[in-house]
Every structure is written in C-alpha cells, then in structure tokens.
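Here is a short report on one protein chain. Keep the structure in view as you read, and find each residue as it is named.

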Amino acid sequence: MLAIARALLRNPRLVIMDEPSEGLAPVIVDQLIDVLKRRSLDKIGLLLIEQNLRVATSVSDTVAIMLGGRVAATLPAAQLSADARLQRRYLGVSSTMH
C-alpha cells in the first residue's frame, strides 16, 4: 500500500501494477479498490495485471484477457463481471460478485 501511495503522489500519467492485491487481507483489498477507483478522477491511466476478477473488474473500464501469452479477448469490465458464461469461457471460473 505504501508503494502504491508513493506512486500516486507523484501525479503520474500512467501507473502499471502487477498483482497489487496478492497477499493482502480482504479488508485491505477493498481499500485498494477504493484508492484505484479514485485515481480515475485524477485522469491517471492504469495498466493492471490482476488475477483477482473482482479487483480487475471493479477498477477497470476495459479488460483484456490473456491466454497462452496472447490477448484472447478485450471487452468491457462490466460485461465480464456480469456474465458467468464469459467468466467460465475465458477464466475457467464463475464469480459470485453479485
């Protein structure tokens, strides 16, 4: 969290994050989501590599799904979040986000 805060305080145009929720307690993940959502108000671009579907779809407008090192699909985050069939197709899982 400290590294994220330090990066955001520098007023970047783009922040690249690799698995920022990994190893964090659920309550901290919720705080992370709030922080990343607020960054959009500041017009900061975010490239997020994340396996946690809830985090990825909560803070993103668009998601790109990679399979075998290639982009298999690019779609609106809300569409992936709401469609269990797409989640099973691309991720092999179905979330219980609702």
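## A buried charge at Glu 19

This model is predicted. Start at Glu 19, which sits in the loop between β1 (14–18) and α2 (26–39). Glu 19 is buried, yet it has no salt bridge. The nearest side chain of opposite charge belongs to Arg 54, 13 Å away. A salt bridge needs a nitrogen and an oxygen within 4 Å, so that partner is out of reach.

What does Glu 19 touch, leaving out residues up to four places away in sequence? Its contacts are Ile 49, Glu 50 and Gln 51.

## Helix α2 and its buried face

Next comes α2. The helix has 14 residues. At 1.5 Å a residue, they should span 20 Å. The C-alpha atoms at its two ends are 20 Å apart, so the expected span and the model agree.

Which residues of α2 are buried? They are Val 29, Leu 32, Ile 33, Leu 36 and Arg 39. Look down the helix axis: these buried residues fall within an arc of 120 degrees, so they line one face of α2. They pack against several elements: α1 (2–9), β1, β2 (45–49) and α3 (53–59).

## Two nonpolar cores

In soluble globular proteins, nonpolar side chains tend to be buried together. Here the largest nonpolar core has 12 residues. Among them are Ile 4, Leu 8, Val 15, Met 17, Ile 44, Leu 48, Val 55 and Val 59. Val 29, Leu 32, Ile 33 and Leu 36 belong to this core too. Four elements, α1, β1, α2 and α3, each give two or more residues to it. The largest share, 4 residues, comes from α2.

Apart from this core lies another, of 9 residues. Its members include Ala 77, Leu 80, Leu 86 and Tyr 90.

Now go back to Leu 48 in the largest core. Leaving out residues up to four places away in sequence, Leu 48 touches Met 17, Pro 20, Val 55, Ala 56, Val 59 and Ser 60.

## Val 71 on the outside

Is Val 71 buried or exposed? Its relative accessibility is 52%, so it counts as exposed: the cut-off is over 50%. Val 71 lies in strand β4 (residues 70–76). Beyond its neighbours within four places in sequence, Val 71 is in contact with Ala 64, Ile 65 and Met 66.

How far apart are Val 71 and Arg 10? In sequence they are 61 residues apart. In space they are 31 Å apart, C-alpha to C-alpha.

## Two salt bridges

The model has 2 salt bridges. One joins the side chains of Arg 54 and Asp 30, at 2.9 Å from N to O. This pair links distant parts of the chain, 24 residues apart. Arg 54 is in helix α3, while Asp 30 is in helix α2. Arg 54 has a relative accessible area of 33%, so it is partly exposed. Asp 30 is partly exposed as well, at 35%.

The side chains of Asp 83 and Arg 85 also meet in a salt bridge, at 3.8 Å from N to O. Asp 83 has a relative accessible area of 21%. Buried means under 20%, so Asp 83 is partly exposed. Arg 85, at 49% relative accessibility, counts as partly exposed too, because exposed means over 50%.

Methods. Residues numbered from 1 in each chain as written. Predicted model: local features only at pLDDT ≥ 70, side-chain atom pairs only at ≥ 80, totals over all residues. Heavy atoms only, no water. Buried < 20%, exposed > 50% of the residue type's maximum accessible area, 1.4 Å probe, protein only. Lys, Arg positive; Asp, Glu negative; His and termini not counted. Contact = heavy atoms within 4.5 Å. Expected span 1.5 Å × (residues − 1). Arc of directions from axis to C-beta. Core = buried A, V, L, I, M, F, W, Y, C linked by side-chain atoms within 4.5 Å.
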